Amino acid sequence: MKNKHLFLFGGSPPFGKHLGRKFADFCCNNKGKVAVLFLERDGWKEYMKKYTSVLETNGLVKFVYLPLSPIPSKSTIEELVSCTGIVIGGGKTELYRDYIVDTDIGKHIKEMYEQGVPVAGFSAGALISPRNCVIPPIDTPKNKHLFLNGLGLISNCVISVHFTKWKEESNLKSALSKTKVSVGYGIDDDVGLYFLNESFSEKEGTGLVTINLEI
């Protein structure tokens with residue numbers, strides 16, 4: 001059985017140096033190809049460098065940029081499944097969830113992840129990665145806590161991003177109570193977490209908060 005590799009970041013790219021090197025290694029370095037899934041907006045081409053810069057310093061040279069849409073094209077799916085690594089970007093979390101979870105894109109991401117393809121999520125990408133996708137009021141036009149189905153790349157935890165900046169402690173505790181999972185991870189903007197086979201393995205950066213269900 002292949003090991004599963006998940007990288008979750010509390011803020012915007014780039015990768016940290018250590019986790020970027022680790023991700024690149026799992027992607028086969030100069031023999032690999034990484035898909036970056038993102039919401040298209042003005043200036044997106046220039047912004048992609050933020051996702052790729054650290055990976056390039058570790059030997060990755062092939063990247064495909066796949067803008068998300070309600071119905072993914074055949075060519076998008078074909079490009080995705082040819083990749084050895086997947087990055088899910090940040091932005092409007094509800095749209096990322098709508099365009100990935102419960103779609104063919106999400107199905108293939110999960111299958112590839114189960115086969116050992118590393119997945120990295122930044123902010124919105126991190127929020128949609130667990131089985132429980134919890135979106136705080138500050139991150140939705142509805143201005144209320146949303147509890148939705150996520151990708152299911154990791155099961156027994158909930159994730160909070162921009163933890164300090166968004167003052168997320170009470171929301172994370174509420175999410176734990178609502179979902180009944182055992183642990184919540186509050187991830188600050190400069191923090192990245194690495195999960196091996198759905199278990200927390202290591203972090204890079206300062207400012208991680210873990211909250212257990214018993215609290």
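This passage walks through a sheet, a helix lying across it and a pair of packed helices in a predicted model.

Start with the sheet. It is open and has 7 strands, and reading across it gives the order E3-E2-E4-E5-E1-E10-E11, with mixed pairing. At the edges sit strand E3 (62–67) and strand E11 (199–204), each of which pairs on one side only. Going from one strand to the next, the twist averages 20°. For a look at one pairing inside the sheet, take strand E2 (residues 33–38) and strand E4 (residues 85–88): these two run parallel and are joined by 4 bridges. Here Val34 stands opposite Gly85 in E4.

Next comes helix H2 (residues 44–57), which lies across E2, E3, E4 and strand E5 (119–122). Its direction makes an angle of about 140° with E3. Glu46 belongs to this helix. With a relative accessible area of 61%, Glu46 counts as exposed, because the cut-off for that label is over 50%. Between Glu46 and His108 there are 27 Å in space, C-alpha to C-alpha, and the two are 62 residues apart in sequence.

His108 also turns up where two other helices meet, as part of H5. Helix H3 (residues 74–81) packs against helix H5 (residues 104–114) at an angle of about 10°, and their axes are 10 Å apart. Angles under 35 degrees count as roughly parallel, so H3 is roughly parallel to H5. On the H3 side, the contact is made by Thr76, Ile77, Leu80 and Val81; facing them in H5 are Asp104, Ile105, His108, Ile109 and Met112. Sorted by character, the residues of this H3 and H5 contact come out as 6 nonpolar, 2 polar and 1 charged.

Terms used: Residues are numbered from 1 along each chain as its sequence is written. This is a predicted model: local features need pLDDT of at least 70, side-chain atom pairs count only at pLDDT 80 or more; totals for chains, interfaces and linings use all residues. Side-chain values use heavy atoms; hydrogens and water are left out. Two strands pair if DSSP finds at least two bridges between them. Axes are lines fitted to C-alpha atoms, for helices over the stretch in contact, and angles run from 0 to 180 degrees between N-to-C directions. Contact means heavy atoms within 4.5 Å. Buried means under 20% relative accessible area, exposed over 50%, partly exposed in between (1.4 Å probe, protein chains only). Angles under 35 degrees count as roughly parallel, over 145 as roughly antiparallel, 65 to 115 as roughly perpendicular and the rest as oblique. Ala, Val, Leu, Ile, Met, Phe, Trp, Tyr, Cys and Pro count as nonpolar, Asp, Glu, Lys and Arg as charged, and the others, Gly among them, as polar.
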